[in-house]
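Please open the model in your viewer and keep the sequence panel beside it, since each stop on this tour begins with a selection.

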Amino acid sequence: MQAWQVHRNGEPREVMNLADTARPEPGPGQVRLKVRAADVNFPDALLCRGQYQVRPPLPFTPGVEICGETEDGRRVLATTALPHGGFAEYALADEAGLLPAPDALDDAEAAALHIGYQTGWFGLHRRAHLQAGETLLVHAAAGGVGSAAVQLGKAAGARVIGVVGGADKARVAQELGCDLVIDRREDDLVAAVKEATGGKGADVVYDPVGGDAYTKSAKCVAFEGRIIVVGFASGTIPAPALNHALVKNYSILGLHWGLYAVKDPASIGACHAALTELAAKGAVKPLVSGRVPLAEAADAVQRVADGTTTGRLVVLPEGAAA
């Protein structure tokens, strides 16, 4: 089979190499899946750089989430068992973690419903307890993680303010359903949020960016507001001023989706059932901005790493349904 392999750490376009390899053999509790679609995630770039919290042995195949097919023909979603990731014709996954692919979504959309939407659902509902009528501020609203949070926020009845960088991404955020879009390159984010909320600020902030995005969020979060720390795509990990959180009376909430699979596995299935229902109703539908062949996977991962994409890029191995 064909698979992308990383033999040394560095930028994805430089270190990912397409090779002919043997099909991976499942270990105890694992299954081998035919890859129907592999969603490109920012962690894939971090894996290539050697900067992710998990560091698989070299060489490894990136691609942390897929829509795959079991040997008996079932269409499933899976997080892959590294080092045998999804940018290949076949990947490995833990059998206990397989989830049924939603009938309402095609393979590319289904692959994108997994980690990003589960992260959004746990962050907004289990951690921040977002309520209908509240104001939700979403950073990187046109990206893969942010676009999921926008749709989930709207489905929950929240007013959603999306923050983006540039006019093209602003148009995408508007099409996703944001009630207000702030271009961080052109607008004063803090002033715009306060004006839009009558001085109150955002009840919930969804931040996969970190750095300056977090700093400005702390300046425009509401009384008893909640800032959800999802990731640090900016490359800068903020150092929150806890005295500020005390004086202003807001909460800083961490969200590590992978821990739920370890600490509360049943919650993953319950979340997936809720997402499947939302997809069936048309309330959420992953924004797949590009479907690329396996041969272009390295370029796709680099584009995500560079922050130039909107929605999700999905890799489709040869023979997979477009």
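Contact, wherever the word is used on this tour, means heavy atoms within 4.5 Å. What you have open is a predicted model.

**Helix α7 and its surroundings**

Select helix α7, residues 189–196, and colour Leu-189, Val-190, Ala-192 and Val-193, which are the buried residues of this helix. These four residues cover an arc of only 165° around the axis, and they therefore sit on the same side of α7. Now add β8 (135–139), β9 (159–164), β10 (180–183), β11 (202–207) and α8 (212–219) to the selection, because the buried residues of α7 pack against these elements, with heavy atoms within 4.5 Å.

**Helix α6**

Move next to helix α6, residues 167–176, where the buried residues are Lys-169, Ala-170, Val-172, Ala-173 and Leu-176. If you look down the axis of α6, these buried residues fall within an arc of 160°, so they line one face of the helix. Turn the view to the face away from that buried side, and you will find the exposed residues Asp-168 and Glu-175. Which elements do the buried residues of α6 pack against? Their partners are α5, β9 and β10. Before leaving, select Gly-177, just after α6, where phi is positive at about 115°.

**Where α4 meets α5**

Since α5 is one of the partners of α6, follow it to another neighbour by selecting α5 (residues 144–155) together with α4 (residues 115–127). These two helices pack at an angle of about 50°, and their axes are 9 Å apart. Angles from 65 to 115 degrees would count as roughly perpendicular and those under 35 as roughly parallel, and α4 and α5 are therefore oblique to each other. The crossing of α4 past α5 is right-handed. To display the contact itself, show Gly-116, Tyr-117, Gly-120, Trp-121 and Leu-124 on α4, and Ala-148, Ala-149, Gln-151, Leu-152 and Gly-153 on α5. By class, the residues of this contact are six nonpolar and four polar, with no charged residue.

**Two loop residues with positive phi**

For the backbone at the next two stops, bear in mind that most residues other than glycine have a negative phi. Select His-129, in the loop between α4 and β8, where phi is near 50°, a positive value in a residue that is not glycine. With a relative accessibility of 48%, His-129 counts as partly exposed. Then go to Ala-140, in the loop between β8 and α5, which also is not a glycine and has a positive phi of about 55°. Ala-140 is partly exposed as well, at 33% relative accessibility.

**Where α2 meets α12**

Select helix α2 (residues 42–49) with helix α12 (residues 297–306), which pack at an angle of about 100° with their axes 8 Å apart. The two helices are therefore roughly perpendicular to each other. In this contact, Phe-42, Asp-44, Ala-45 and Arg-49 of α2 meet Val-301, Val-304 and Ala-305 of α12. The contact of α2 with α12 contains five nonpolar and two charged residues, and no polar ones.

**Two loops with cis peptide bonds**

Most peptide bonds are trans. In the loop between α2 and β4, select Pro-59, where the peptide bond from Leu-58 to Pro-59 is cis, with omega near -10°. The next cis bond to select runs from Leu-82 to Pro-83, with omega near 20°, and Pro-83 lies in the loop between β5 (75–79) and β6 (90–94).

Is Thr-61, the next residue to select, buried or exposed? Thr-61 is buried, with a relative accessible area of 6%, and its place is in the loop between α2 and β4. Beyond its neighbours within four places in sequence, Thr-61 is in contact with residues including Ala-3, Trp-4, Gln-5, Leu-82, Pro-83 and His-84. Measure in your viewer from Thr-61 to His-7, 54 residues apart along the chain, and compare with the computed C-alpha separation of 9.3 Å.

End at His-84, in the loop between β5 and β6, which counts as partly exposed at 32% relative accessibility. Leaving aside neighbours within four places in sequence, His-84 is in contact with Pro-24, Thr-61, Ala-91 and Leu-92.

Note on methods:
Residues are numbered from 1 along each chain as its sequence is written. This is a predicted model: local features need pLDDT of at least 70, side-chain atom pairs count only at pLDDT 80 or more; totals for chains, interfaces and linings use all residues. Side-chain values use heavy atoms; hydrogens and water are left out. Axes are lines fitted to C-alpha atoms, for helices over the stretch in contact, and angles run from 0 to 180 degrees between N-to-C directions. Angles under 35 degrees count as roughly parallel, over 145 as roughly antiparallel, 65 to 115 as roughly perpendicular and the rest as oblique. A crossing is left-handed if the near helix is turned anticlockwise from the far one by less than a right angle, and right-handed if clockwise. Ala, Val, Leu, Ile, Met, Phe, Trp, Tyr, Cys and Pro count as nonpolar, Asp, Glu, Lys and Arg as charged, and the others, Gly among them, as polar. Buried means under 20% relative accessible area, exposed over 50%, partly exposed in between (1.4 Å probe, protein chains only). The arc is that of the directions from the helix axis to the C-beta atoms.
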